[in-house]
Amino acid sequence: MEQQTNDKMILAILQGDDYDSVVRELNKNGFYVTLLNTMGGFLRKRSVTIMIGLESARLDAALAILKKRAGQRTETVYRSIMPPHISEPSMMPTVPLQVSCGGVTVFVLDVSKMEHF
């Protein structure tokens with residue numbers, strides 16, 4: 001029986017809220033991941049870095065899942081917009097705002113050797 005070799009590694013950095021559905025979809029499609037809890041340096045927000053070892057032939061399938069499940073999207077949030085002369089925020093109605101969220105940063109690395117002991 002010929003053993004398949006993992007010659008690629010994906011490092012994908014996701015927002016902390018997005019990783020669960022991404023990992024579930026990757027697992028459902030036969031990709032197994034290692035999770036690393038990380039924190040973004042600029043905004044200091046929780047993120048998750050996932051590592052996936054895979055064959056080059058499956059690279060496009062994994063990238064498609066990452067794009068679909070963790071890609072950037074727009075969500076509606078409701079916020080109060082207060083004019084300067086109003087000091088009580090509860091007196092102002094909320095307005096819907098479209099904000100960008102999500103997104104994934106992906107690094108694809110060549111793996112020259114992998115061993116499992």
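How many helices and how many strands are there in the protein? The protein contains 2 helices and 6 strands, where helices are DSSP runs of H or I with at least four residues and strands are runs of E with at least two, each numbered from the N terminus. The model is a predicted one, in which local features need pLDDT of at least 70 and side-chain atom pairs count only at pLDDT 80 or more, while totals for chains, interfaces and linings use all residues. Residues are numbered from 1 along each chain as its sequence is written, and side-chain values use heavy atoms, with hydrogens and water left out.

Read from the N terminus, the elements follow the order β-α-β-β-α-β-β-β. Of the contacts (heavy atoms within 4.5 Å) between residues at least 6 apart in sequence, 66% join residues that are at least 24 apart. The accessible surface, obtained by the Shrake-Rupley method with a 1.4 Å probe, comes to about 8,700 Å², and 54% of this surface belongs to carbon and sulfur atoms. Of the 117 residues, 24% are buried, a term that stands for under 20% relative accessible area, as against exposed for over 50% and partly exposed in between (1.4 Å probe, protein chains only).

The largest nonpolar core, that is, a set of buried Ala, Val, Leu, Ile, Met, Phe, Trp, Tyr and Cys residues joined through side-chain atoms within 4.5 Å, has 16 residues, and those with the most contacts inside it are I10, L26, I50 and L66. At least two residues of this core come from each of strand 1 (8-15), helix 1 (19-28), strand 3 (46-54) and helix 2 (59-70), and helix 2 gives the most, with 5 residues. When its neighbours within four places in sequence are left aside, L26 is in contact with F31, V33, I50, I52, A62, I65 and L66.

The axes of helix 1 and helix 2 come within 9 Å and cross at roughly 150 degrees, the axes being lines fitted to C-alpha atoms over the stretch in contact, with angles from 0 to 180 degrees between N-to-C directions. Helix 1 is therefore roughly antiparallel to helix 2, since angles over 145 degrees count as such. In this contact, S21, V22, E25 and L26 of helix 1 meet A62, I65, L66, R69 and A70 of helix 2.

Beyond strand 6 (104-110), the segment that follows includes S112, which is exposed, with a relative accessible area of 81%. S112 and K8 lie 104 residues apart in sequence, and their C-alpha atoms are 8.6 Å apart in space.

Methods
Parallel < 35°, antiparallel > 145°, perpendicular 65-115°, else oblique.
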